[in-house]
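The exercises below are meant to be worked with the sequence and the coordinates open side by side. Try each task before reading the solution that follows.

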Amino acid sequence: MNEIVIEKMRQYSLESRQILNRFSEAIENSDYSTASKETLALARFLKIDLGYNNFYEFNEQRKKGTINWDM
């Protein structure tokens with residue numbers, strides 16, 4: 001049983017590091033489209049509902065003033 005839990009934690013750790021590495025690389029390269037996608041990927045991975053699924057939806061909500069900045 002412990003081995004199963006440890007393996008799951010290892011997988012989660014690896015996946016989150018991969019997302020964060022891709023995000024960091026995108027920021028270093030000023031690739032904000034990829035950085036945005038990785039931000040959404042991390043939110044999904046952490047099961048955080050941001051209220052939008054892509055940059056277009058984010059931008060539309062930002063224009064309307066409906067984004068909850070107090071999350």
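**Exercise 1. Determine how many aromatic pairs the structure holds, and describe the pair formed by Tyr12 and Phe45.**

Solution. In this predicted model, a search over the aromatic rings gives three aromatic pairs. One of them joins Tyr12 and Phe45, whose ring centres are 5.9 Å apart and whose planes make an angle of 70°. Because planes over 60 degrees apart count as edge-to-face, the pair of Tyr12 and Phe45 is assigned to that class. The next step is to place both residues along the chain: Tyr12 belongs to helix α1 and Phe45 to helix α2, so that the pair links distant parts of the chain, 33 residues apart. Tyr12 itself is partly exposed, with a relative accessibility of 46%. Elsewhere, ring pairs connect Tyr52, Phe55 and Phe58 into a cluster.

**Exercise 2. Decide whether Glu38 is buried or exposed, and find which residues its side chain and its other atoms meet.**

Solution. Begin with the location, which is helix α2. The relative accessible area of Glu38 is 11%, and Glu38 is therefore buried, since the limit for that class is under 20%. Then look for partners: leaving aside residues up to four places away in sequence, Glu38 touches Ile19, Arg22 and Phe23. With Arg22, the side chain of Glu38 makes a polar contact to the other side chain at 3.1 Å.

**Exercise 3. Compare the setting of Lys37 with that of Met9, stating the helix and the exposure of each.**

Solution. Lys37 is part of helix α2, which covers residues 32-45, whereas Met9 is part of helix α1, which covers residues 2-28. Lys37 has a relative accessible area of 53% and is exposed, and Met9, at 54% relative accessibility, counts as exposed too. Met9 also contributes, together with Met1, Ile4 and Val5, to a nonpolar surface patch of about 470 Å². For Lys37, a further check is the C-alpha separation from Ala26, which is 9.9 Å although their positions lie eleven residues apart in the chain count.

**Exercise 4. Examine Ser30 and Lys47, and state what the sign of phi is in each.**

Solution. Ser30 sits in the loop between α1 and α2, and its phi is near 55°, a positive value in a residue other than glycine. Lys47 sits in the loop between α2 and α3, and phi of Lys47 is near 60°, again positive in a non-glycine residue. As a last step, compare accessibility: Ser30 is partly exposed at 45%, while Lys47 is exposed at 75%.

Terms used:
Residues are numbered from 1 along each chain as its sequence is written. This is a predicted model: local features need pLDDT of at least 70, side-chain atom pairs count only at pLDDT 80 or more; totals for chains, interfaces and linings use all residues. Side-chain values use heavy atoms; hydrogens and water are left out. Helices (H or I, at least four residues) and strands (E, at least two) are DSSP runs, numbered from the N terminus. Buried means under 20% relative accessible area, exposed over 50%, partly exposed in between (1.4 Å probe, protein chains only). Patches are made of residues with over 30% relative accessible area and no salt bridge: like charges are joined within 9 Å, nonpolar side chains (Val, Leu, Ile, Met, Phe, Trp, Tyr) within 5 Å. Accessible areas come from the Shrake-Rupley method with a 1.4 Å probe; for residues, only the protein chains shown count as cover. A salt bridge is a side-chain nitrogen of Lys or Arg within 4 Å of a carboxyl oxygen of Asp or Glu. Rings of Phe, Tyr and Trp (its six-membered ring) pair if their centres lie within 6.5 Å; planes under 30 degrees apart count as stacked, over 60 as edge-to-face and the rest as tilted. A polar contact is a pair of N or O atoms within 3.5 Å; within protein, one must be able to donate a hydrogen and the other to accept it, and residues adjacent in sequence count only if both atoms are side-chain atoms. Contact means heavy atoms within 4.5 Å.
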